[in-house]
Amino acid sequence: MQQDIGISGSPHSDNSVRHGLASPSEDGRWGLQKVPSSGSLNSIAICTVGELFGGVERQVLGLITGLAARGVSTLLVLFHDSELAAQARLQGVEPVILSDRNRSVFTTSRQLARLFRHRNIHVVHVHGYKATVFCALARRWCSFAMVKTEHGLPESTVAGVIHTLRNRFYSFLESAATRVAHATVSYVTKDLQEHYRQAHFGLRTTVIPNGVATMNRSQFPCPAEIDKGLFNIAMVGRLDIVKGPHTAIETIASRGIPQNVHLYIIGTGPCEIELQALAEARGIANRIHLLGFRRNVYDYLAHCNVLLMPSLHEGLPYTLLEAMALGIPIVASRVGGLAEVVLNETTGLLVPPRNAEAFAQSICRLYEDSLLRSEMGSQARSLQQAKYSLEAMTEKYLAIYQHLMTRTS
């Protein structure tokens with residue numbers, strides 16, 4: 001059966017690493033590979049793809065910061081030298097970049113094994129399909145324990161049947177690799193823990209919500225695109241079906257929405273051209289601002305009146321927590337992690353997904369009641385600081401890492 005841990009929180013790629021083999025030993029009680037004792041925890045490895053930039057990447061950056069504050073260094077291993085790599089360098093961490101082509105899975109896995117042995121890594125935290133599969137294979141040659149975070153469900157896209165089938169196959173491989181590696185699995189929401197209950201049957205699991213640092217709205221400048229004389233709504237995320245961007249457009253086009261309500265959509269994705277066409281067809285193109293990728297997302301959030309999240313499903317999005325930290329009220333779908341975190345009528349308003357009329361009614365309510373907006377924003381900020389802080393998240397993951405380090409034969 002799936003066992004809930006219930007944890008509570010109190011250099012460039014080196015291809016000259018010498019190759020070595022190690023026979024992994026297994027802990028029958030925990031279903032985890034035993035980690036050689038090497039004293040206190042000084043470093044861990046985090047491995048993810050790093051191609052895009054979203055919740056996974058923001059959690060990785062947060063963990064790097066939180067662990068560094070506790071004297072634990074992070075070896076960051078990526079398959080793409082992209083935005084995550086750039087931001088990691090700004091934090092003083094030079095990632096190891098593996099090839100994203102991987103013509104031989106065993107060659108790449110052996111490279112990982114050599115890297116972990118060379119850096120004396122005994123705990124590896126993986127995110128996503130590719131990192132999970134390659135690190136699970138690397139355990140054939142190097143002894144380390146794996147921690148895996150599940151951030152959400154596989155997303156439906158507009159890419160067609162073949163892409164969908166390929167994603168399902170990848171999901172199957174990821175699940176198999178998780179079990180083969182006897183990984184300790186963390187979910188960012190209880191909803192995800194329930195969804196993966198059968199897939200992770202017999203593994204050690206826990207729920208660790210995402211967390212963000214304390215923020216102050218006054219520290220962020222107002223972007224040139226934002227007209228503070230308008231009622232501004234922000235939507236942040238990949239422009240794909242699962243994020244509900246079409247519902248967002250239809251919401252602004254709904255009867256009763258005032259003409260000075262503008263929507264700022266931050267992000268890119270396959271639906272971008274289609275959304276622009278929809279806004280034009282509804283006659284609201286002048287009120288829909290498709291801004292693409294923005295590194296300074298906080299600047300936009302801090303100067304908007306409401307965060308709109310019409311997703312069809314969500315794990316625990318960082319944009320939600322960041323808006324809460326900034327004291328922004330939320331209008332969101334009653335799904336997944338959104339329903340777990342947003343306190344309806346207290347920190348925001350929850351409505352059925354795909355229901356543009358219900359979203360419009362909620363926005364009109366906040367538009368007309370500035371006191372309600374202020375109270376919800378204040379309650380959201382207090383809730384974030386109490387339950388979804390970077391410190392709390394870091395301490396809970398650190399407890400897992402330390403536990404794995406101390407379990408010896």
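This report describes one helix and three buried residues in a predicted model.

**Helix α13**

Helix α13 runs over residues 370-387, and its 18 residues reach 26 Å from the first C-alpha to the last, close to the 26 Å expected at 1.5 Å a residue. At the N-terminal end of α13 the cap is provided by Asp369, a side-chain oxygen of which lies 3.2 Å from the backbone nitrogen of Leu371. The buried residues of α13 are Leu372, Arg373, Met376, Gly377, Ala380, Leu383 and Gln384. Seen down the helix axis, these buried residues of α13 fall within an arc of 130°, so they line one face of the helix. On the other side of α13, Leu371 and Ala386 are exposed. The partners against which the buried residues of α13 pack include the strands β11 (231-236), β14 (306-309) and β16 (348-351), and they also include the helices α10 (318-325), α11 (336-341) and α12 (356-368).

**Two buried residues with polar partners**

Glu83 lies in helix α2, which covers residues 83-90, while His125 is found in strand β7, residues 123-127. The table gives the relative accessible area of each residue and the side chain with which its own side chain makes a polar contact.

| Residue | Relative accessible area | Polar contact between side chains |
|---|---|---|
| Glu83 | 13% | Arg295, 2.7 Å |
| His125 | 0% | Thr149, 2.7 Å |

Why does Glu83 count as buried? Its relative accessible area is 13%, and buried means under 20%, so Glu83 falls within that class. Leaving aside neighbours within four places in sequence, Glu83 is in contact with Phe53, Phe293 and Arg295.

With the same kind of neighbours left aside, those within four places in sequence, His125 is in contact with Ala45, Ile46, Cys47, Gln59, Leu63, Val147, Thr149, Tyr397 and Tyr401. His125 and Leu76 are 49 residues apart in sequence, and their C-alpha atoms are 9.7 Å apart in space.

**A buried arginine without a salt bridge**

Arg287 lies in the loop between α8 (272-281) and β13 (288-292). Which side chain of opposite charge is nearest to Arg287, and how far away is it? That side chain is Glu250, at 11 Å, and Arg287 is buried yet has no salt bridge. Apart from neighbours within four places in sequence, Arg287 is in contact with Ile252, Ile257, Pro258, Gln259, Val261, His262 and Leu263.

How values were computed
Residues numbered from 1 in each chain as written. Predicted model: local features only at pLDDT ≥ 70, side-chain atom pairs only at ≥ 80, totals over all residues. Heavy atoms only, no water. Helix = DSSP H or I, 4+ residues; strand = E, 2+ residues; numbered from the N terminus. Expected span 1.5 Å × (residues − 1). Buried < 20%, exposed > 50% of the residue type's maximum accessible area, 1.4 Å probe, protein only. Arc of directions from axis to C-beta. Contact = heavy atoms within 4.5 Å. Polar contact = N/O pair within 3.5 Å; in protein donor to acceptor, adjacent residues only side chain to side chain. Lys, Arg positive; Asp, Glu negative; His and termini not counted. Salt bridge = Lys/Arg side-chain N within 4 Å of Asp/Glu carboxyl O.
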